[in-house]
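Me: I would like to understand how the words used for a protein model rest on definitions. Please take me through this one step by step.

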Amino acid sequence: MVTNPKRQIVEVAVLYLLLGAGAVAMVLPLLYMVSTALKGPVYVLEIPPRFIPERLTLANFIEAWNSNNFSLYFRNSAVVALSTTVISVLCSAMLAYAFARFEFPGKDLAFYAILFTLMIPSLTLIIPQFMLARALGLRNSLAGLVFVYVAMTIPLNTFLLRGFIEQLPRELEEAVWIDGGGYGTIFLRITLPLSAPALATAAIFTFLFAWEEFTWALTAIDVEAMRTLPVAIATFHGAHLTQWGLVFAASLIAIAPVIFLYVMLQRYFIVGLSAGALKG
Amino acid sequence: MCQPKAFAFRIGIGWMLLALLAAACAPAAAPTPGPSPTPVVVERVVTPTPTPKGPVTITFWHAYNPEETKVFNEQVLPAFHQKFPNIRIEAQQVPYDEFRRKLLTSIAGGTAPDVIRSDIIWVPELAAMGALEALDVIMPDFNAYKEKVFPGPLSTNLWQGHYYGLPLDTNTRLLMWNKEMYAAAGIAEPPKTIDEFLRVCERIKALGRDKYCFADGGTYGWAVLPWIWSFGGDLTDPEMKTASGYVNGPDTVAAYEFLKGMLDKGYLHPGILGGGVDTAGGFARDEIANLLEGPWMPAIFAAQYPQKQIQWALMPAGKGGSISVVGGEDIVLFKQSRNKEAALEFIRFMLSPEAQLMMARAGQVPVRTDVIEQAVQAQPYFALFFEQLKTARARLPHPNWPKIEDLLTSTGQAILRGEKGAKEALDELAPKIDALLKQQ
Amino acid sequence: MTRPGGRAQPGPREEGTVWNQGSLRAQRLRAAYLFMLPGMTFFLIFYLYPLIQALRISLYEWSIMPGQDSRFVGAANYLRALRDPIFWISMRNTVLYTAVTVPGQMILAMLVALALHAIPRWRVLFRTLYYLPVITSWVVAALLFKFLFHSQSGLINYLLVDVLHLSDHYIPWLQNPETALVAIMTLGVWKGIGWSMVIFLAALQDIPLELYEAAALDGAGRWGRFRYITLPMMRPTAIFVLVMLVIGGFNVFLPVYLMTGGAPMHRTETLLTYMYNEAFNFLDFGYGAALSYMLAILIFLLSFIQIKLLRRPMEL
């Protein structure tokens, strides 16, 4: 193929320019949020909006953290997210293993049932889930959040993990049979370790989901002591309607762990997502 | 030969059937045979010893703003805890906008708080639902308190012959006028009538395109009723039986047309259409000349805009007089509460002169008749509020008020946006309100 | 070869069950069900059972107060929805939101993916930046956009009026239903581009280079290569993304709930915000359940149709 090198350079340059412009559009709102948070308590919004604050101050962050129990909400969110992740990924891995390695009657039915639920908006179930939580005494408890979150994340995780496990080589498993091990041994010693990348992806998405879930947390919990971060942020906004800097400082504290995880574990976010999608 | 395949397949189906079965047999709200609509059952409760044994926790929800919350947490609560060391109050601030939804959800979920500071307009609805205890039945010294409070606010607790709460604080809307903007427009005194008000607006508008004579947050009851009533109009007849002829009567129509005219001429800030308007900030920045505001404003301004002075005047009078809308909160006790004795102690405390005066300092107008003088001494501007309260009227004490208000708000929006003429829109609204009034 | 831990003979009884049979087959089944047990338990109790229960609730005028009846009303709630003007408004908004944001996300994501595929360096950096909105929580993003579209001091108005001079007055975005929907949809697109982009990029990178080289040898130009190689190879991925995005679009709740709450006058309601409002603001659980069931069925049908219609064997 004959290419004009000069033309190619121009093309690439244009591409970079356009991509850069797009990236700016993506990131600008977030940067603006950061800059507003760093501006210190203001009741009057300034025009023209300034990106680089006149005086950088962490006052908003300090106030957000100290005002009513923010550290408590942070802890609640952490407990819920971690518990959900561990339980959901474990259960999904077991389910996925069953789907991937066994033939049994009812298998297709069960699998399609799980797949079918992916198409249903989870919010559809909020009314009966609410009543179920009431009957089981799970309202105003972190467990009530965890159980529902686990149920909501199992379908996607199972789907993701099944595709992965199916592709694992069977020779290792047969070796375990020969040595006298059972399914449990295979699962723990072979399947899980080999599935680490997929497990990591599932864990990350589950954690993300549980960390930022809002609607169920809003509906299931009305006691302040059990509140999670997303609800706290929205309430914060409602209580300080014009203090955007303060609200954004609180928001940034809330999404800090997520951003941190993202930067550290980028690979798993993106690779796992595409792998799951392509094999779907 | 066994048939594991078929049997196991049945297990798979069995899961599904189990779920279906569970769903079919699941307990609904336990059905009790009874006529519908279910009448609210008021039980006679014989009250045991007044002092609870052992530490007891009472949950209390309120929607105090940050300044009021501060006074409540730093002065009222410690005083209570000192007096009743065995009772612990767990107070939760819930923003007003989500208060009702959150409360309803918690009632539905069986986790309602013990006591709340409820907007007066919610009490009939909560009482009709059967969620509240009738205080005149369960509280042996109810009458002692009944006699000490203003009758108007007290009446907001009345439902089908029983009192389901006690008033906690009351308020109304006064005209808050901007001395600096008035001076710039060459006006010395605030308007006494609506006609004078219009003339003020003309002069204010001359100050600039982005200067507004008046602003309000929407077309809900709290906002439009002072105008409707001062124009001589109303929503329903005094018995709340019918809205036709009232909500679409000539005076009500005139009130809405007045507001539309204000908007068209640029006197009324377009934020009333729902985009949100920073009324306090606008006032402080001399962009808005008049507001209808309540007694909490001085505390807010002291905290946020200490430079700006506030002036008060009565609601401009129209054909119907100078009539403003009564607001306020009642303190109510939930049937679901497990510590009613302790809760009653808290309610008594909140109605004591001590607590009432403490909250008065945060701008909460007290409801006890025996503390008026001290209150006015602490907050001189209360005097004008007490004046306006003499003629102020309450919003419909009907359990369907939230739904009625929803319709009223939408209609007001349609009128202000020019989508329908006032008469036309109100004519459409009347039968809908009639239908809601019939449902009790 | 020794069989792992079981009895050598199958059980003698004719109606042996999975649980007391010792054969390898039974062992396998037992193991399979055991593995499935925890996951399926959660799923059944907290997902499937509520799903069926929701249907039941929708057939009643449901009362949540203890001691009060729920009245069976059959299809009354559903019929009420069909006659309810707000239902149709919310339906229209939901469809509109989906119809705008889905192509918006897909087309922009595709363009970005193609561009990223073509550049030699810094791919990871750009990919990271474009994905950042995706991992920002909806709550934070909705509040952020509410701020950006603020009528007095929002960044958008500032850019439009003071910088680009495209308008002469500040637009009250969230006050009017039309402009409010624009703001909400912008949020939807902004937040979603990265997700589709990443998937498209991975799919692009999977297309074997030989195909392109072969096509080039046959004389295909850039557009030809795109049309006859890239697009067909991307088809399954695109279908997957389309189905997921449509489901997500109909599911829209948080942006609307947090930015406008359905106001003004319920004109920006979507089906789910209306459902939530009816259920938890007016405690009309029966009606809320009916609304959500109608949505669930609609989405399911749509997804089904999409998959059936669009799945065709690939030509190679």
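Me: What makes the two domains of chain B count as being in contact, and how many residues are involved?

Reply: Two residues are in contact if their C-beta atoms, placed from the backbone, lie within 7 Å, and by that rule 18 residues of domain 1 of chain B are in contact with 15 residues of domain 2 of chain B. This is a predicted model, in which local features need pLDDT of at least 70 and side-chain atom pairs count only at pLDDT 80 or more, while totals for chains, interfaces and linings use all residues. Residues are numbered from 1 along each chain as its sequence is written, and chains are lettered from A and ligands numbered from 1 in the order in which they are written.

Me: Where do the bounds of these domains lie?

Reply: Domain 1 of chain B covers 56-172 + 327-389 and domain 2 covers 174-324 + 400-438, with bounds that come from an automatic or database domain assignment. Their C-alpha centres lie 28 Å apart.

Me: Which element gives the most to the side of domain 1 of chain B that touches domain 2 of chain B?

Reply: That element is α17(B), with five residues; helices (H or I, at least four residues) and strands (E, at least two) are DSSP runs, numbered from the N terminus. Chain B as a whole has 19 helices and 11 strands.

Me: How do you know which parts of chain B the predictor is confident about?

Reply: The guide is pLDDT, the predictor's confidence in each residue, from 0 to 100. Chain B has a mean of 84, and 87% of its residues reach 70 or more. Confidence is highest in strand β3 (residues 115-119) of chain B, at 95, and lowest in helix α1 (residues 4-25) of chain B, at a mean of 39. Over residues 1-49 of chain B the pLDDT is below 50. Where pLDDT is low, the predicted coordinates should not be read in detail.

Me: What makes a residue buried, and what percentage of chain B is buried?

Reply: A residue is buried if 20 or more other C-beta atoms lie within 10 Å of its own, exposed if 12 or fewer, and partly exposed in between, with C-beta atoms placed from the backbone; buried residues make up 47% of the 440 residues in chain B.

Me: Which residues have the most contacts inside the largest nonpolar core?

Reply: Among them are V115(B), F346(B) and I347(B), in a core of 309 residues. V115(B) touches residues including F346(B) and I347(B), not counting residues up to four places away in sequence.

How values were computed
Core = buried A, V, L, I, M, F, W, Y, C linked by C-beta atoms within 7 Å.
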